[in-house]
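Grab a pencil and work through a few exercises on charged side chains. Each one has a worked solution right below it.

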Amino acid sequence: MKMKMIVPTPDDRRDSYHSTSFLVRYMPQLSEFQRKRINRYMNERGEVQINVSAIHLTHSNKEDPMLAQVKKSINRYFFPRTRLNQSAFIRDSEDTTIMLTRKYSDGPFTFLMQITSGSATYYSINGKRQSREATHNIMAKILLKMCFSTSASVMYEYLSMLMEVPARVVHALENRTVYKFYDEGRRIEVRLNTKRISQKECALEISDSLWLPISNKDLDSFIKYHREDNQRNKKWNVAPINLIRILNPEAYYKMAASTQNVMNAFLMQNRTQKLVEERAQKLLSEMTEKFPTKLFTYKEPVEFQEKMATAMLVSGNLADYFIVPNHGTSRGHQNVSVFVVHGPNTTHGEGFTRKDYATRGPVCIDNIHNNSSIGDQIMSRALALMNDEAAVNAIHTLRTNLPPEPYRVDRQRLRGDSE
């Protein structure tokens, strides 16, 4: 049986999508009744088509909304019927093997999932036992990866990594590990550098050059407690000094008071909000250096803030754009506003600030995630507006705000210094 998965792109266009096609074999074969049900989803080419729903701003998944949509869409095809999955094509009362195959230029990629029924239902991937949650995550990530990968060797390498390292640990290796503790009654959230030191172990940097070894299983539990606020395992609700005692007793007994002070200072330098802001500001600086004719940062006065806020001027092919932080409190999906320059302000006309130009807006451009920093939101919009000729097809609200002819802002007269 041939299947095709359609994944819509995260923009306003309804005709833009990514896709992947692959062969699926069920063992034992589906019954005639099951086949008739699954054939309802065939397209004109005889492929069973899995349509992944578009992401809406009301989504509740903060980590990866696209992955959540893929998991939801593949339920009926690959996971047994349960009380919560009534529309599934396979039943949980029989053992089932599902084989996925896709051909690449360097050979075929084969993915084997086994479902063993009995007093409980067990899942295995390529012969290795996995939990249902892990199996669901791996299956969704593999299918999503297929939409972009062009090599079987890359797919096998990716599958091997997913099977050896829990999904939460993979996220931590890419984005650091969240750790929360209390300091003088204040709740502090920091992010610890994380690296993989063996097939089954990782290490956390708790102080300058002090790395604590931790198994993948324990790290998965640690992340679940601190990042997802899962309160089942109180073991990880510990102060930094006690975390060292748990993971590396030898280092704990050798620690002096001065070393503890260094550790506390190190952790305070790695607070989550501070890191996010620094990373965002660094990104703005790097991108303005890389595209000096397209991007320009300056200072903009913003209400309810004591300091001048960093804003950005973007020079697209169709217009110039101001991207500035929103007034007031955070709005989640729209923490910054985009204004399209139409010409000089006939009232002032000095060109010393954004308000001295005639603009249209704010243009409604949303982030899929509602927890992105100001700097990240500025940069995501700037990258789109740099190539506004293509962006107008993906951002429908932009087209109606464009000027007949582009009017260029005099950068030298903008208030504030470039960064």
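**Exercise 1.** Work out whether E250 and K254 are buried or exposed, and how their side chains meet.

*Solution.* Start with the surface: E250 is exposed, and so is K254. Keep in mind that this is a predicted model. Next, check the contact: the side chains of E250 and K254 form a salt bridge, at 3.2 Å from N to O. Finally, place the pair: both sit in helix 8 (residues 249-254), four residues apart, so about one helical turn separates them.

**Exercise 2.** Find the salt-bridge partner of R186, then sort both residues by accessibility.

*Solution.* The partner is D183, with the closest N and O atoms 3.4 Å apart. A residue is partly exposed when its relative accessible area falls between the 20% and 50% cut-offs. R186 comes in at 44%, so R186 is partly exposed. D183 has 26%, so D183 is partly exposed too.

**Exercise 3.** Explain which parts of the chain the salt bridge between E228 and R168 ties together.

*Solution.* First the distance: the closest N and O atoms of E228 and R168 are 2.8 Å apart. Now locate the partners: E228 is in the loop between helix 6 (216-226) and helix 7 (240-247), while R168 is in helix 5 (residues 167-175), so the pair links parts 60 residues apart in sequence. As for accessibility, E228 is partly exposed at 37%, whereas R168 is buried at 12%.

**Exercise 4.** Put E228 and R168 into their wider network of salt bridges.

*Solution.* Add E133, D220 and R227 to the two, and you have the linked network. For the whole structure, the search turns up eleven salt bridges.

Note on methods:
Residues are numbered from 1 along each chain as its sequence is written. This is a predicted model: local features need pLDDT of at least 70, side-chain atom pairs count only at pLDDT 80 or more; totals for chains, interfaces and linings use all residues. Side-chain values use heavy atoms; hydrogens and water are left out. A salt bridge is a side-chain nitrogen of Lys or Arg within 4 Å of a carboxyl oxygen of Asp or Glu. Helices (H or I, at least four residues) and strands (E, at least two) are DSSP runs, numbered from the N terminus. Buried means under 20% relative accessible area, exposed over 50%, partly exposed in between (1.4 Å probe, protein chains only).
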